[in-house]
Each structure stands twice: as structure tokens, then as C-alpha cells.
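Here's a quick walk through a model you may want to open in your viewer. Take a look first, then read on.

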Amino acid sequence: SVLRRTRAQVRAYVIHKFDADLPATELADAQAAYRLFGLLPDSVDLLRTMIDLLTEQVAGYYDADSSALYIPTDIDPAQARLVISHELVHALQGQYVDLNLLIQQRRQNDRRSAAQAILEGQATLAQILVLMPEQKVESLPNFWELRDALGTQQAQMAVFSQAPLWLRERLIFPYLAGAEFVRRFEETHPGQQPFGPLMPTSTEQILHADRYEMGDRPTELAFIPPGPDTVRYEDDLGEFETRLLLEQLLGNEAQATHLSTGWDGDRYAV
């Protein structure tokens, strides 16, 4: 079913999903980590900013629990067809994989980001084909390289324009980098789906087609167990967030991209 929701109802849904998918203590600990990295200013509350950002950005959503597709009431009717095509792909994906299980992976940030890129990348590619049915997918420009144009467009939105670099790029990555990966996957694996054993395990594989085809999986790292009650939070960044960290520190995207290429795994603990 397709149902309409006001922005207030969208906000309530976003809050509900955060409460269900990410315990408050987990979110607070992640916030502490990203503040220490310098990716999140101390003045920014991660939960409130994410809720504001998603409430502003969401053009529609598929709820796996209720198997319903929701469209905000303020969406331009001309856009509704594109939004519905995007969200229907998520409904189809739910027949292959447990969407909630993928998104709720704990302390596997990079693997979760790669999975999200597949989910949103497939839906974005379908949306583009609905928008331009006469266009051959292979002749379109590299989707990931279009992010500056998309970022400029979204910069006109109040919350997005004020969000830290890490949050802005994290929001765009699964849609554009994911769509580019899925396009390449469909060329090299016709008739197959990037789920199960074929699902990418890292953002490195999303960003580099050759790494995926080689089966280059990240080296798994672990800390020697410390004394009791000393670790507040533990996770990984992955190549993409390592790139964002370097860009934040160096102020140079090209240099950050060069330095992060060749990443093979990471782990941090707070």
C-alpha cells in the first residue's frame, strides 16, 4: 500500500527508527568517537542533527515492518512517480534479504555502509531509468563523480547546508557510489543480484571495482582484550570514512583520496 504522511509524521517515524535500530547508549558512544576524530564538532548533537537532516531530506520511505510505502504530503506530484519507483525497489529487496538485519549490524560500520550502498544504489539506478527511459545506463556519466552537483543542489536545503562534512558525504555516498557499483555489477554479473555471497563487504569494494572482482576483503583487526570496563566503544571507519577523516584534517579532497586508497582494514576503540 502507498500512504501519505505529513513532515511531522515523517519526523516521528525517523525518531522511531532511531530508537528501534540504534540504542541511545550506542549512539552516544559513536558521537563521542566522531567528536574525538574531529569529524563531528562538540557543539553538534548527533541524534538531533540526524533527525533534522533526514526529516528534511526524506522524499519517501518503505517500512519493512509494515510492508507499506510512505510519501510525504509536500512532495511535488511530478516527483511521486520517481519516489515510488525508488521505494518499490526496497520492497523487492526485502524478498531477498532482511533489510532490518542489514541496517542494524552492530559495530561493523564499514560493512553496514557497503550494504546500504547496495540497497540505495539499486533503487537509485531504477529511479534514473524511470526518469530517462530512453537513456542507456552505460552511457551515463560516473554517478559518484556527480556528487558535487548533487551537493550543490542539496546545499540549498537549510539543515543539509549546515551539517558537518562527514554527515553530508555519508548521506550522499550510498545513493551515488552505490548506483555506480550496481551499474558495474549488472555489466559483469548479468542476471545476478549483489546479495548473499556476492554482497560487497567494504566501502573499498564499492569504490573500487577491481577490489571487488579480486575478492579483496579487509584484514580483520582486533585489540588485545583490556582490563574490565575500560572500552566505551569500538568500531571501524572503512576506506570511505578514512578518506573523509583525512579530508577533514588536510582540507584537500584529492590528497585524502590518494592517501586512503590502498586501505586494508582498521579498528578503533574509545
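Of the contacts in the protein with a separation of 6 or more, what percentage comes from residues 24 or more positions apart? The figure is 74%. Bear in mind throughout that this is a predicted model.

**The overall picture**

The fold holds 13 helices and 5 strands. For 270 residues, a compact globule would come out with a radius of gyration near 18 Å, and the protein has 19 Å, so the two agree. If you'd rather think in box dimensions, the C-alpha trace spans about 55 × 45 × 35 Å along its principal axes. Buried residues make up 46% of the 270. On the outside, the protein exposes about 13900 Å², with carbon and sulfur atoms supplying 54% of that area.

**A handful of residues**

Here are some residues with their accessibility, ready for picking in the viewer.

| Residue | Relative accessible area | Class |
|---|---|---|
| Tyrosine 34 | 5% | buried |
| Phenylalanine 37 | 24% | partly exposed |
| Serine 67 | 46% | partly exposed |
| Glutamate 87 | 6% | buried |
| Asparagine 109 | 4% | buried |
| Isoleucine 128 | 17% | buried |
| Glutamate 239 | 0% | buried |

**Around helix H2**

Helix H2 covers residues 24–37, and tyrosine 34 sits in it. Setting aside residues up to four places away in sequence, tyrosine 34 touches Leu39, Leu40, Asn109, Trp166, Leu237, Glu241 and Tyr268. Take tryptophan 166 from that list: 132 residues separate it from tyrosine 34 along the chain, yet their C-alpha atoms are 9.2 Å apart.

Phenylalanine 37 belongs to helix H2 too. With 24% relative accessible area, phenylalanine 37 is partly exposed, because the buried class needs a value under 20%. Beyond its sequence neighbours up to four places away, phenylalanine 37 touches Leu237, Leu245, Leu249 and Tyr268. Leu237 and Tyr268 therefore turn up in the contact lists of both tyrosine 34 and phenylalanine 37. Asparagine 100 is another story: it is 63 residues from phenylalanine 37 in sequence, and 28 Å away in space, C-alpha to C-alpha.

**Along helix H6**

Which residues does asparagine 109 touch, if residues up to four places away in sequence are not counted? They are Tyr34, Arg170, Asp235, Asp236, Leu237 and Glu241. Asparagine 109 is part of helix H6, which runs over residues 109–131.

Isoleucine 128 lies in helix H6 as well. At 17% relative accessibility, isoleucine 128 falls under the 20% limit and so counts as buried. Outside its neighbours within four places in sequence, isoleucine 128 is in contact with Leu140 and Phe143. Phenylalanine 18, 110 residues away in sequence, is 29 Å from isoleucine 128, C-alpha to C-alpha.

**Two glutamates and a serine**

Is glutamate 239 buried or exposed? Buried: its relative accessible area is 0%. Glutamate 239 is in helix H12, residues 238–250. Its contacts, leaving aside neighbours within four places in sequence, are Asp110, Thr203, Glu204, Leu207, His208, Ser260, Thr261 and Trp263.

Glutamate 87 is placed in helix H4 (residues 77–93). With neighbours within four places in sequence left out, glutamate 87 is in contact with Gly60, Tyr61, Tyr62 and Leu69. For glutamate 87 and leucine 69, the C-alpha separation is 6.8 Å, with their positions 18 residues apart in sequence.

Serine 67 is in the loop that links strand S2 (61–63) to strand S3 (68–72). Its phi is near 55 degrees, a positive value in a residue other than glycine. Most residues other than glycine have a negative phi.

**The second largest pocket**

One last stop for anyone who likes cavities with an opening. The second largest pocket has a volume of about 310 Å³. Of the 15 residues lining it, Arg111, Pro218, Thr219, Glu220 and Asp236 lie nearest the centre. How many of the lining residues are charged? There are 8, alongside 4 polar and 3 nonpolar ones. Asp236 also appears among the contacts of asparagine 109.

Conventions
Residues numbered from 1 in each chain as written. Predicted model: local features only at pLDDT ≥ 70, side-chain atom pairs only at ≥ 80, totals over all residues. Heavy atoms only, no water. 1 Å grid on protein atoms, 1.4 Å probe; cavity = no way out; pocket = protein on both sides within 12 Å on 5 of 7 lines; lining within 4 Å. Points joined across faces, edges and corners; volume = space filled by probe spheres on them. Nonpolar A, V, L, I, M, F, W, Y, C, P; charged D, E, K, R; others polar. Helix = DSSP H or I, 4+ residues; strand = E, 2+ residues; numbered from the N terminus. Rg over C-alpha atoms; globule rule 2.2 N^0.38 Å. Buried < 20%, exposed > 50% of the residue type's maximum accessible area, 1.4 Å probe, protein only. Contact = heavy atoms within 4.5 Å. Areas by Shrake-Rupley, 256 points an atom, 1.4 Å probe, with all protein chains shown as cover.
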